Amino acid sequence: MLLELNIKDFAIIDSLSITFGPGLNIFTGATGAGKSIIMDALSLILGDRASNDVIRSSMEEAQVEAMFDVSSCPAVIDALKSCGMDCAGELVIKRVIQRAGKNRVYINGGLATLSTLADIGGRLIDVCGQSEHQTLTRAQEQLEMLDSFGAPGALRREMREAHQAYSSVKRELDSLIEQSKTSRERKDLLSFQLKEISDADPLPGEDVELKVEKERLQNAEKIKGAVAGAEAVIYSDSGSAAERLGAAVKALREISAYDQRIAKTVEALESSLFAVEDAASFLRGYSESAEADPDGLERAAARFDLLGRLKKKYGPTLEDVIERKRSIEKELSGVEDIEERIKGLSSEFARAQSKAIEAARSLTLARKKSAAVLEKEIEAELSGLGMKGAAFEVSIETDAGAFNERGSDRVGFLISPNPGEEIKPLARIASGGELSRIMLAIKRVSRAGRVPTLVFDEIDAGVGGAVAQVMGLKLKEVAGANQVICITHMPQIAAFADTHFSVSKGARDNRTVTAVTELKGDERVGELSAMLGGLSVTETTIRHAGELIAAAGDLASKKKPAGNRQGRRHG
């Protein structure tokens, strides 16, 4: 709840500190005293944009600082943590507005953005009044109010969990489908590449062997001529090397008996002769079998060119081509696995979608039932709040094909403030007073406490004393669960205050200033007496003021709900 508000050099406020209490905080004072200025300062704490027009004349900057107790507000603590801020229980928000335009936002001493402040501020205070933070007019807030009134929390949890499961499966499935779209094109390419390599079926080192074979076939005639000539020289021709070597061996063998050293030489020459004869035999056979092979040459050249293209595309070496084939096979296996996963996940997605739709349908039925009850109770409350004959309706539009964590419903609150008038959405209601009374009725009926502090501005517009007393009692009841801040001109409402502040305007050092005083005891009686009698404060008005306060106490004690609700958690 709001503990303290400090304002400095803001409009006609030079320096002001207000300490708030739990329950019902009432502000009273003459028109123009500065109550709206205090609300403007509070709006800055909630994230409203600031103009340097609010800076007090002759000053260079204005400051607004607020302290909150958020120990029982998990939604606020979670929001702070999501922004990287720790909060042990107390939260301090400060706005600095400079005439030079260098405005600053501080949250617990650290600089923060205005959007962060707006998010956190919206979880702290709900202002109901003309042109204020009218969360009641927002469809999402109306849905939350309806659910807080009657939709079982178990159904909301079931819907939230079903939507989370659905969203998780959908994200994974969408990702796989997107991969599959790319993979189909990739698969076609990989399949083509695999076929291209597989059809060629290259072997390690095959390109080197083919190069040698191709060169041999290209030079077949040249090789055959050289081989035949060499055979003739060493064997076939008259006077060949073999013939002369044989003659030498024969001559030396005849004299080898005379010298053993010659015998060894003869053996060596005989070995050489045998080698020459073997070589001649090979060359003769090679020459006889060697023929030009144009077809073989064409096949070798074609195969060599094919391997060359594969190396250029997948290489640079033939071993790289063979390795690429293995990697393609592995990648294709992964692509096929994606398709199998899509099949399995599609079934899981259908089940998750069906479960979410069924959870949304159950939530819709529960909302329709609670809406019928809420309509009757709100109309009854409005009747007692000076809006007799007002019609209140909860519109529920359901799109079964679309759902989120809140279900498939769009909820709208419609109202006809006066009999015979067309029923319209709350957002189109011009009167802040009417809107405040509707919010009060809803808070009174639903006991909703998602935002810990409620501010009602101009709630008493256009109502008389009897209705005002009923409003005061209902404000008191709402203040059992929420901290309530109310600006009022009606003494019947002020009489119910737990903490009562009087706002006044005066002069100091030839400057107009606003002052806020907490009233107690006779001071309260005096303030209500002035509200009753205006300039004519008499014993009668004083007695009447005392009676109003006593009556308010009696009514509040009779209506007080069992148990103390002020300390309950606001989420």
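Start by selecting Y106 and L111: L111, in β7, is the bridge partner of Y106. Keep in mind throughout that this is a predicted model.

**Stop 1: the sheet**

Widen the selection to β6, residues 104-107, together with β7. These strands pair in the antiparallel sense over two bridges. Now show the whole sheet. It is open, has six strands and runs in the order β2-β1-β4-β5-β6-β7, with antiparallel pairing. Which strands stand at the edges? Select 13-19 for β2 and 110-111 for β7. Each has a single partner strand, so one side of each is left without a neighbour in the sheet.

**Stop 2: two helices across the sheet**

Select 35-45. This is helix α1, which lies across β1 (2-10), β2, β4 (61-69) and β5 (90-98). Look along β1 for the angle: α1 runs at about 110 degrees to that strand.

Next, select 114-124. Here is helix α3, lying across β4, β5 and β6. Its direction is at about 135 degrees to β5.

**Stop 3: helix α8**

Jump to 241-255. Helix α8 has 15 residues. From its first C-alpha to its last it reaches 22 Å, close to the 21 Å expected at 1.5 Å a residue. Which residues of α8 are buried? Colour A242, L245 and V249. Turn the view to look down the axis of α8: the buried residues fall within an arc of 65 degrees, so they line one face of the helix. The general rule helps here: an α-helix has 3.6 residues a turn, so residues three or four places apart point the same way.

Add α7 (220-236) and α9 (260-289) to the view. The buried residues of α8 pack against these two helices. Then flip to the face of α8 turned away from its buried side, where the exposed residues R244, K250 and E254 sit.

**Stop 4: the largest nonpolar core**

Select F413 and F456. They have the most contacts inside the largest nonpolar core, which has 54 residues. Now select 432-446, helix α12. It gives the largest share of this core, seven residues. Apart from this core lies another, of 48 residues; A33, I45, C73 and L80 are among them.

Return to F413 and show what surrounds it. Leaving aside neighbours within four places in sequence, F413 is in contact with residues including L136, M145, L374, F392, V394 and I442. Q142 and E393 are also among its contacts.

**Stop 5: Q142**

Select Q142, in helix α4 (residues 139-149). Is Q142 buried or exposed? At 4% relative accessibility, Q142 counts as buried. Beyond its neighbours within four places in sequence, Q142 touches L136, T137, V411, G412, F413 and L426.

**Stop 6: S370**

Select 318-384 for helix α11, then pick out S370 within it. S370 is buried, with a relative accessible area of 7%. Draw a distance to V394. The two are 24 residues apart in sequence and 9.7 Å apart in space, C-alpha to C-alpha.

**Stop 7: P417**

Finish with P417, in the loop between β10 (409-416) and β11 (424-425). P417 counts as buried, at 9% relative accessibility. What is P417 in contact with, leaving aside its neighbours within four places in sequence? Show M387, A390 and E434. For a last distance, draw a line from P417 to L176: these residues are 241 apart in sequence and 54 Å apart in space, C-alpha to C-alpha.

Technical notes: Residues are numbered from 1 along each chain as its sequence is written. This is a predicted model: local features need pLDDT of at least 70, side-chain atom pairs count only at pLDDT 80 or more; totals for chains, interfaces and linings use all residues. Side-chain values use heavy atoms; hydrogens and water are left out. Two strands pair if DSSP finds at least two bridges between them. Helices (H or I, at least four residues) and strands (E, at least two) are DSSP runs, numbered from the N terminus. Contact means heavy atoms within 4.5 Å. Axes are lines fitted to C-alpha atoms, for helices over the stretch in contact, and angles run from 0 to 180 degrees between N-to-C directions. Buried means under 20% relative accessible area, exposed over 50%, partly exposed in between (1.4 Å probe, protein chains only). A nonpolar core is a set of buried Ala, Val, Leu, Ile, Met, Phe, Trp, Tyr and Cys residues joined through side-chain atoms within 4.5 Å. The expected span of a helix is 1.5 Å times one less than its number of residues. The arc is that of the directions from the helix axis to the C-beta atoms.
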